[in-house]
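The following paragraphs lead a new reader through a protein model, from a single detail to the whole chain and back to local features. Please keep the structure in view while reading.

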Amino acid sequence: MTTSADTHCPYCALQCAMTLTSPAALTPAVKPGSDPVPAPSAAAVTAVPAAAAPALEVSGRDFPTNRGGLCRKGWTSASLLNHPGRVTEPMLKGSDGVHRPVSWDDALKLIIAAVKDTRARYGADAVGVFGGGGLTNEKAYMLGKFARLALGTSRIDYNGRFCMSSAAAAGMRAFGVDRGLPFPLEDLDGASTILMLGSNVAETMPPFVQHLQGARDAGGLIVVDPRRSATAAFTSDGGGLHLQPLPGTDLILLLGLSHVVIHEGLADTGFIQARTSGFEALVRSVNAFWPERVQSLTGVPADLIRETARRLAHGATQGGSYILTGRGVEQHVDGTDTATAAINLSLLLGLPGSARSGYGTLTGQGNGQGGREHGQKADQLPGYRKITDPAARAHVAKVWGVPESLIPGPGLPAVQLLKSLGQPDGVRCLFVHASNIAVASPDANAVIAGLRSLDFLVVCDFFVSETAAEADLILPVLQWAEEEGTLTNLEGRVLRRRRALQPPAGARSELWIMARIAEALDAPSTYSEDPETVFEELRLASAGGLADYSGIDYDMLDRGEAAYWPYPAGSTGTPRLFLDGFAHADGKAVMTPVAPRRRRAPAANPDSDAKTMTLITGRLLEHYQSGSQTRRVSELLESQPEAKMQIHPAAAASMGITDGSFVSVANERGEVLCRAELSTAIRPETVFLPFHFPELESANRLTEAATDPISGMPEFKFNKVWVRVAANGLQHSVLQTSEAS
């Protein structure tokens with residue numbers, strides 16, 4: 001007997017539809033309040049050999065985002081469900097540094113004792129929570145409630161601060177609302193011009209590329225990237241243009257494009273007058289950025305700047321134009337201003353709010369959109385409400401059944417939260433959910449030191465990630481195919497995750513964990529472990545907010561109905577935002593003048609044998625985020641087993657670096673040791689490292705924890721490093737580390 005379940009991929013925000021098929025009847029979802037379904041013993045699970053067949057078969061399912069296609073990560077996603085490294089029972093670190101199994105009763109007692117002791121000694125804000133954009137909407141919602149009411153702390157934030165925060169802040173500033181794509185992805189199919197800045201979708205979400213084909217066929221795909229990435233290569237053979245600016249100059253380039261649009265009379269003056277404010281100030285702000293000057297600052301030829309602006313304007317009137325931004329232009333200390341400059345350009349052209357044009361930003365994590373809407377951000381309550389808004393606090397307090405005074409005020413954004421770890425007035429007891437901060441955070445060495453200085457660290461994970469390895473207590477949680485819930489994809493479309501497999505007997509949902517801890521702490525309000533019950537509460541809490549889910553329920557999602565938020569009760573949802581107005585009180589979008597700012601001067605290079613280069617970081621096709629999952633998939637690891645530093649042959653030759661030779665990449669924060677990969681796809685003054693690898697290959701040893709003052713986004717994409725051939729004695733240790741990865 002073969003049974004199947006329709007669900008969505010556990011990786012990126014494209015949320016490709018897939019069907020999971022099992023040779024045996026699938027276990028139905030647990031009923032509210034029941035114990036986890038029995039499963040094979042932990043010993044039996046860990047005995048599964050690495051080459052064992054996946055527990056479920058994966059097939060692509062026709063859906064608007066992926067149309068049946070999947071990437072390598074999606075096709076191999078089920079192989080992790082019975083991986084021998086799976087954590088299947090709570091693990092407590094002993095005095096010798098070794099983790100050993102303990103019972104759930106003992107684990108919960110340790111947590112309760114640690115929380116009570118921390119609060120008694122240092123106050124409630126000494127307990128912290130770090131969430132993730134991979135959590136379902138239900139778990140993200142409950143995590144915010146759990147932190148604020150059960151733990152009583154304001155110290156909660158999540159890894160989306162490293163991903164979407166600059167674009168979100170820019171969207172809120174310009175439009176009054178933040179939804180990654182304010183239109184269905186399929187709208188891109190008919191566009192004649194698409195400007196894509198700082199996103200390599202051909203490797204990060206390959207099925208996305210089919211939506212670029214129309215623009216490519218029209219010769220109107222324009223990609224801005226310092227590297228000739230796989231996406232940039234898609235512009236070849238008449239497909240469009242590749243603009244290759246110096247790293248960190250995207251803002252200047254966008255100001256130059258706006259200058260051309262204004263001064264060549266390409267702006268949509270009717271749209272600007274009727275639907276925007278701030279135009280006059282914007283004109284003044286871009287006057288100094290004529291194309292030849294921008295060329296001198298960015299390295300992009302002035303004629304390409306003019307051609308890009310003209311193509312965008314032509315497309316807006318002929319077939320549709322879209323401007324899309326990604327992390328490459330947003331993960332900077334001026335990321336909010338850069339995203340704002342892209343929005344300003346789109347408003348000058350009249351793109352947002354059009355039925356066939358628009359601006360959007362590409363959400364990265366699987367639930368990066370929903371994860372930032374319902375309360376795990378430091379400054380937000382469910383429904384994308386501001387935690388400082390008295391009306392928002394009153395609404396949520398009523399839903400939770402508590403006095404408004406019990407809800408703490410805003411906490412610390414992620415980088416500040418991590419900097420506070422173990423400090424006298426900082427977080428002393430930390431809970432980590434769905435995030436591998438030891439690899440994924442900027443200035444990773446300092447973050448690891450902070451983790452080690454904590455009084456108590458609890459990590460919920462299904463593998464011993466690099467962060468879990470630092471934990472005092474590891475709690476085993478469910479994987480994606482073992483749970484029910486919802487996620488919100490990059491279009492703002494709410495999707496159903498369906499359970500298809502029995503979880504290991506010792507694993508628990510984060511909802512169950514939070515409910516048990518809240519109960520033991522005599523926390524106010526209620527904490528259900530049933531996802532649908534939690535979603536019903538989320539609907540009430542979000543009602544009337546910017547991200548209103550009150551008209552969505554499991555039944556409609558199970559019927560396959562499209563559900564784009566805002567979806568107030570009684571409505572049919574909002575596939576396309578801004579058709580009738582923007583979310584500001586006057587219905588207009590706001591153009592905000594922005595300008596380049598001076599970056600902190602890097603430390604002096606102390607190594608006369610090393611050359612100072614600019615480091616940019618990014619993803620590989622085979623891996624995802626910190627690599628904690630994909631480095632455990634044999635097919636993916638065999639294809640990309642180690643970090644390699646991409647460097648231009650001319651730069652490499654000047655330093656005596658050959659293809660495959662070992663190199664040292666260092667700065668005042670740390671050092672990475674890896675092999676070199678020579679490529680003409682990168683600018684000569686720039687090197688590239690993927691961020692999926694740990695320890696000596698961890699790119700985030702080198703990234704700076706400086707942040708955007710508006711969004712709290714760290715500076716991931718522009719860091720000065722010192723590059724040289726590695727000392728001979730280091731090569732063997734690098735090779736060993738690479739093989740162990």
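Through how many residues does a hairpin join S24 to S25? The hairpin that links these two strands passes through two residues. The model shown here is a predicted one, and this turn is a convenient place to enter it.

Strand S24 comprises residues 662-667, and its pairing with S25 is antiparallel, over six bridges. Within this pairing, Val663 has Cys674 of S25 as its bridge partner. Cys674 counts as buried, for its relative accessibility is 0%. Strand S25, which covers residues 670-678, also pairs with strand S23, residues 644-647; here the sense is parallel, and four bridges are involved. Ile647 finds its bridge partner in S25 at Leu678. Strand S25 thus takes part in an antiparallel pairing with S24 and in a parallel pairing with S23.

The view may now widen to the chain as a whole. The secondary structure of the protein chain amounts to 25 helices and 29 strands. Along the principal axes, the C-alpha trace spans about 70 × 70 × 60 Å. For 741 residues, a compact globule would be expected to have a radius of gyration near 27 Å, and the 25 Å of the protein chain agrees with this. Of the 741 residues, 64% count as buried. Among the contacts with a separation of 6 or more, 74% are made by residues 24 or more positions apart.

One part of this chain is an open sheet of five strands, in the order S10-S9-S8-S12-S13 and with parallel pairing. Strand S10 (240-243) and strand S13 (358-361) occupy the edges; each has a single partner strand, and therefore one side of each is left without a neighbour in the sheet. On average, neighbouring strands of this sheet are turned by 10° against each other, direction ignored.

The edge strand S13 can be followed in detail. Strand S12, residues 321-325, runs parallel to S13 and is joined to S13 by four bridges. Tyr322 stands opposite Gly358 of S13, and Leu324 has Gly360 as its bridge partner there. In a regular strand, side chains alternate between the two faces of the sheet. In S13, Gly358 and Gly360 point one way, whereas Tyr359 and Thr361 point the other way. Are these four residues buried or exposed? All of them are buried.

A helix offers another view of how burial is arranged. In helix H11, which spans residues 279-286, the buried residues are Leu282, Val283, Ser285 and Val286. Seen down the axis of H11, these buried residues fall within an arc of 165°, so they line one face of the helix. An α-helix has 3.6 residues a turn, so residues three or four places apart point the same way. On the other side of H11, Glu280 and Arg284 are exposed. What covers the buried residues of H11? The cover includes helix H9 (250-263) and helix H15 (335-348).

The cysteines deserve a separate look. A disulfide is a covalent bond between the sulfur atoms of two cysteines. A search of the whole structure finds zero disulfides. Cys460 provides an example: the closest cysteine sulfur to its own belongs to Cys429 and is 12 Å away, which is too far for a bond. Cys460 is buried, with a relative accessible area of 4%.

Finally, some local features of the backbone merit attention. The peptide bond from Trp565 to Pro566 is cis, and its omega is near -5°. Pro566 has its place in the loop between helix H22 (554-558) and strand S21 (589-590). Phe578 is found in the loop between H22 and S21 as well. Although Phe578 is not a glycine, it has a positive phi of about 75°. Phe578 is buried, with a relative accessible area of 8%. Gln625, likewise not a glycine, has a positive phi of about 50°. Gln625 lies in the loop between strand S22 (611-618) and helix H23 (634-639).

Methods: Residues numbered from 1 in each chain as written. Predicted model: local features only at pLDDT ≥ 70, side-chain atom pairs only at ≥ 80, totals over all residues. Heavy atoms only, no water. Pairing = 2+ DSSP bridges. Axes fitted to C-alpha atoms, helices over the stretch in contact; angles between N-to-C directions. Buried < 20%, exposed > 50% of the residue type's maximum accessible area, 1.4 Å probe, protein only. Arc of directions from axis to C-beta. Contact = heavy atoms within 4.5 Å. Disulfide = S-S within 2.5 Å. Rg over C-alpha atoms; globule rule 2.2 N^0.38 Å.
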